[in-house]
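Q: Got a minute to go through this model with me? I'd like to start with the odd backbone angles and work outwards.

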Amino acid sequence: MGSQFLLSRRRLLAGTALGAASAAAGSIAMPAVLRAAGTPVKLGVLHPVTGALSYSGQQGRLGASMAIDDINAAGGIKALGGAKIEAVLGDAQSTPEGGNAEVEKMNGAGVAAIVGGYASGICLAASQTAARYDLPYIVDVGVVDSIVSRGLKNTFRFGPGFGVIAKTALDNLVTINDQAGKPAKTVMIVHEDSAFGSGLAKLLNAQLPERGFQVLETIPHPTPTRDFNNVALKIKAQNPDLVIPANYYNEYVLLARTMQQQRVRPKGIYSVLGGAASSYKFVKEFPESAQYIMDCNHWFDPKNPKALALKKKIEDKHEFYTYEVYMNYSCVLLLADAIERAASADRAKIITALENSTFAGHVMPYGPTKFVNGQNQGAAPVNTQVVGSDILVIFPAAFASAKPVFPMPPA
Amino acid sequence: MKGLVPIVAVVALLATVPLITSSNVVLNFLVVALLIALVGQGWNLLGGYGGQYSFGHAAFFGTGAYVTAILQVRYGVNAWLGFVLGVAAGALVGAVIGALSFRSGLKGSYFALVTLAFAEVLRIVASVSPITGAGVGTLISLDLRPMAFQFQNRAPFYWIILAMVGLSLILIRMIEHSRFGAYLVAVRENEDAARSLGVNATIVKLCAMTISAAVTAAGGCFYAQYFLFIDAGIAYGSWISIEALLAPIIGGIGTVLGPLLGALVVKTLGELTKIVTGGAPGLDLVIYGGVLILVIAIAPRGIVGIFVDLRGRMRRSKAAAPASLERGHG
Amino acid sequence: MLSSVILFPALLNGLMTGAVYALIALGLTLIYGVLHIINFAHGALLTAAMFAAFFGYQWLGLDPYVAAIGLAPLFYVLGYGLQRFVIGPAAHGEDRNILLVTLGLAVVIENALLYAFRADTRTINLPYAFNVIEVGTAFLAVPRVIAFAIAIGVALALWLIMRWTDAGKAIRAVAKEKLGAELSGIDVAHIYAVTFGLGTACLAIAACLLIPTYYVNPSAGNAFVLIAFTIVVLGGMGSVAGALLGGLFVGVIESLSGLYLGESLGQIGIFVMFILVLLFRPSGLFGERA
């Protein structure tokens, strides 16, 4: 299967990486003009494929690899004589040091750019190391705002950051609530206690009261959490209109199942970056727990045929079409476009090309890209809801295929 | 002072590496290995020489890292001063934990578990406290100036950590030859006998723990400067507690060069297994674990132990030879 | 928050969770109490057992409570073999080496599972998983009630084994005084392996009890290890009764501190208690005075 091929590529490249490394830094300085037409362009693909984040890392790698295969099948980088893209796979081992070490190796192997990272901590460390070599780094998912506010010229984020996500989530919540006649007033937030959950909870706590909501309680929990019965109890006791979860897949599922067990049924479950709230896997395995859950999360453009074609391809492989897949897919396409327009694998030129990028050939509902200080301005999350056995987009209207069901009908 | 020659030789040899290669892959690899060697040397003082196995050295590593990071980010303290204060803070935490544990007479597995618990408590507190940035962690801004203890090049970082490791080697050697060292080993071998001979075992252990904590905290401060980002899991996670004991035990517990040797071997093993298995997630670590078990089965006293055994065997065979010659004659 | 509406269910929750913790800790306390080793591989073995329970349901349609009947002996043999042929010989009897061997074993098992089964989270959806029994203001999920009953049952069975059977007496003899036991003709290596096997069998049963409400992925077992250690120390090394009572106690403490301090900070309650017990009463709350 594909992984067999990737295995031997990696072995070869790893060998080359060390060989290049011990022969001193000759490869980095190679001027673009000496590049023979058709020489493959190396692309670093960095994900935490082992360790705590391995599922997301593997999904991310899958998306990136599919994009590379698609680009190569369509003729490679035409501006460089049909040069193919060659993936230099890296395992960040779910730690920043791991990510760091891989960036060094990728640099030694002479990659033109790096895509990935996934977790905010890994992205921060890896992009910083890449900055030493002016190596373009495209963040696939990592949402903390500090990723793009360090003044690093080499770092680009295709997807949205916290600030945008929280604001969009709240704007849309207010709209959905208004449209339903304002049934919701009180809120409880349940979040995981690391970078993404805490950061999000802080923003929500600041902004919810301004929009007329009352936060009854904010409950942090570790990842992993073994049991959510007490959390469910607290929710039951205080009976908020809305529950806002922000956590990773496993905890989200456990929370939802526990709430179902304890017969806790608020008027709505509105997640922001909910780990499972817009996951096909969750819907498939626990349809009753998943019903009517709304999420504000990364999502593909449901009206884009490319996105749907990719969905089919992924599902044919018996994988789930998760956000790591299509975001990485889009990031690689973005990079390929930049290389085309730069007509070069030179790092500085790629960075310039990215800065001016107006790429629209991706599968996300962002419109053409526009980077300011490394952040793609059009990036935004989208609201989804689980209805039946499907996940439908309910906001914004341009991409929506259904109206929100809110408040949730009684069980 | 005898015994310094091997240390100087090893450090001098390692110091030439950046002059031979400018590969950042190699330098980065060695920086991380040396960092682990430093942290392991701290553990080695308490565990190898003192016989008190700690499973919570992350408590000192993390304290050093957070103190220097927070001082820089929130209070604008200079990075070098932050480093010194971080080491002091780590030592303080070591003294406190040591005082509590040793005064209660905790030994062996109980001591190990209580250190584990302390590290875990610190981790949880760090993951919810606003001052550490809670879940978001603490990010030291990129400021590539020597005054800010950050360098454009990897080489200065390399030499600094090498110097730190070198100092720790000399420190351990000095302790080995000192009265304090003798007391420490006496306590390790038989605490009751030592006490009966007038050694204040509790104070000795406490001193060892404080120094051990300081050395490990220095590693934590360096980590913060090198990677510029820490969070509760990185600073106080079990990964560093495990690395801290893995290196000395593999390399040779209770020896000066053990932690350095062990760190290099363990890290190299990790890289080799990654290369051999390619991209398949998990397979490289399966081999890594398997080799680990094999190494322990074959060399229970670590790598230094192998050399010591060999030397002992050679000496014995030399001593036996003249005797047999004599017998041959007679 | 102090209302009985919440307190009562929280208490019951704590007891049910605690019972499963106790079962996991049972295995550890036996191994710890007899072999005097800290078994780093405990979490990984639990994970392996959970995968076994999962596949038992997935491929053979076995209800996990039924699967436990088969998995317990299977994992007993696995544990016996590991101690007799891997850990024992590799460690040459040195404590620190046993530590590293079990650590190496943990790495091997966890990553072998990752390599074989990938990182996705697996869950099973039993038809009765969401049925509840109402007790006062509490909704008790049926699988958790069953788990509670079985855990207590196993603990009692083990206690009886330790008390009344020859094997149990031999185990206690080796735990108390290894040399004397050896001199009395007890095969210590065999007893060590039997103990490890029993501990692993407990894990297998615990895994079957967890899988209806929890999930499994290659690192799932690790979440329970530290808490298991806490219970072992609290209950007294090697004490079966201590592990059971300690487990229930810790479950309740975790539940209550989670309620009052929040889930994140609430975890501190357990460790602080752990530290206090170690500092002031290391033989455990229920152990014999050293």
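Q: Is His36(C) buried, partly exposed or exposed?
A: This is a predicted model, and in it His36(C) counts as partly exposed, because 15 C-beta neighbours lie inside 10 Å and that class sits between the cut-offs of 12 or fewer for exposed and 20 or more for buried.

Q: What's the phi of His36(C)?
A: Near 55°, which is a positive value in a residue other than glycine.

Q: And where is His36(C) found?
A: In the loop between helix 1 and helix 2 (42–60) of chain C.

Q: Ok, over to chain A. What about phi of His318(A)?
A: Phi is near 65° there, again positive in a residue that isn't glycine. His318(A) sits in the loop between helix 11 (305–316) and helix 12 (323–342) of chain A.

Q: Why does His318(A) count as exposed?
A: Because His318(A) has 6 other C-beta atoms within 10 Å, and 12 or fewer makes a residue exposed.

Q: Which residues does a cis peptide bond join?
A: One cis bond joins Phe395(A) and Pro396(A), with omega about -10°. Another joins Phe406(A) and Pro407(A), with omega about 0°.

Q: Where's Pro396(A) in the chain, then?
A: In the segment after strand 14 of chain A. Pro407(A) is found in that segment after strand 14 too.

Q: Strand 14, you say. What's the strand order in the open sheet of chain A?
A: It runs 7-6-8-9-10-13-14, so to speak, with 7 strands and mixed pairing.Q: Which are the edge strands?
A: Strand 7 (214–221) and strand 14 (390–395) of chain A, each of which pairs on one side only. On average, neighbouring strands of the sheet are turned by 25° against each other, direction ignored.

Q: How many bridges link strand 10 and strand 13 of chain A?
A: Strand 10 (residues 294–297) and strand 13 (residues 382–387) of chain A pair over 4 bridges, in the antiparallel sense. Within strand 13 of chain A, Asn383(A) is the bridge partner of Cys296(A).

Q: Zooming out, which domains does chain A have?
A: The domain assignment gives domain 1 (2–159 + 305–376) and domain 2 (163–297 + 382–395). Their C-alpha centres lie 32 Å apart.

Q: How many residues of domain 1 of chain A are in contact with domain 2?
A: 10 residues of domain 1 of chain A, against 10 residues of domain 2 of chain A. The domain 1 side has 6 nonpolar, 3 polar and 1 charged residues.

Q: Next, the chain contacts. How many residues of chain B are in contact with chain A?
A: 31 residues of chain B, with 40 residues of chain A on the other side. Helix 3 (24–49) and helix 6 (108–128) of chain B are the elements that give two or more residues to the chain B side. Helix 3 of chain B has the largest share, 6 residues. By class, the chain B side has 17 nonpolar, 13 polar and 1 charged residues.

Q: And how many does the contact take from chain C and chain A?
A: 28 residues from chain C and 28 residues from chain A. On the chain C side, helix 1 (4–35), strand 2 (138–141) and helix 10 (240–280) each supply at least two residues. Helix 10 of chain C brings the largest share, 7 residues.

Q: Last topic: how many residues are in the largest nonpolar core?
A: 375 residues, and those with the most contacts inside it are Leu43(A), Ala22(C), Leu23(C) and Ala49(C). From chain A, this core draws at least three residues from each of domain 1 and domain 2.

Q: What does Ala49(C) touch?
A: Leaving out residues up to four places away in sequence, Ala49(C) touches Leu71(C), Phe75(C), Leu203(C), Ala204(C) and Ala207(C).

Methods:
Residues are numbered from 1 along each chain as its sequence is written. Chains are lettered from A and ligands numbered from 1 in the order in which they are written. This is a predicted model: local features need pLDDT of at least 70, side-chain atom pairs count only at pLDDT 80 or more; totals for chains, interfaces and linings use all residues. A nonpolar core is a set of buried Ala, Val, Leu, Ile, Met, Phe, Trp, Tyr and Cys residues joined through C-beta atoms within 7 Å. Domain bounds come from an automatic or database domain assignment. Two residues are in contact if their C-beta atoms, placed from the backbone, lie within 7 Å. Ala, Val, Leu, Ile, Met, Phe, Trp, Tyr, Cys and Pro count as nonpolar, Asp, Glu, Lys and Arg as charged, and the others, Gly among them, as polar. Two strands pair if DSSP finds at least two bridges between them. Axes are lines fitted to C-alpha atoms, for helices over the stretch in contact, and angles run from 0 to 180 degrees between N-to-C directions.
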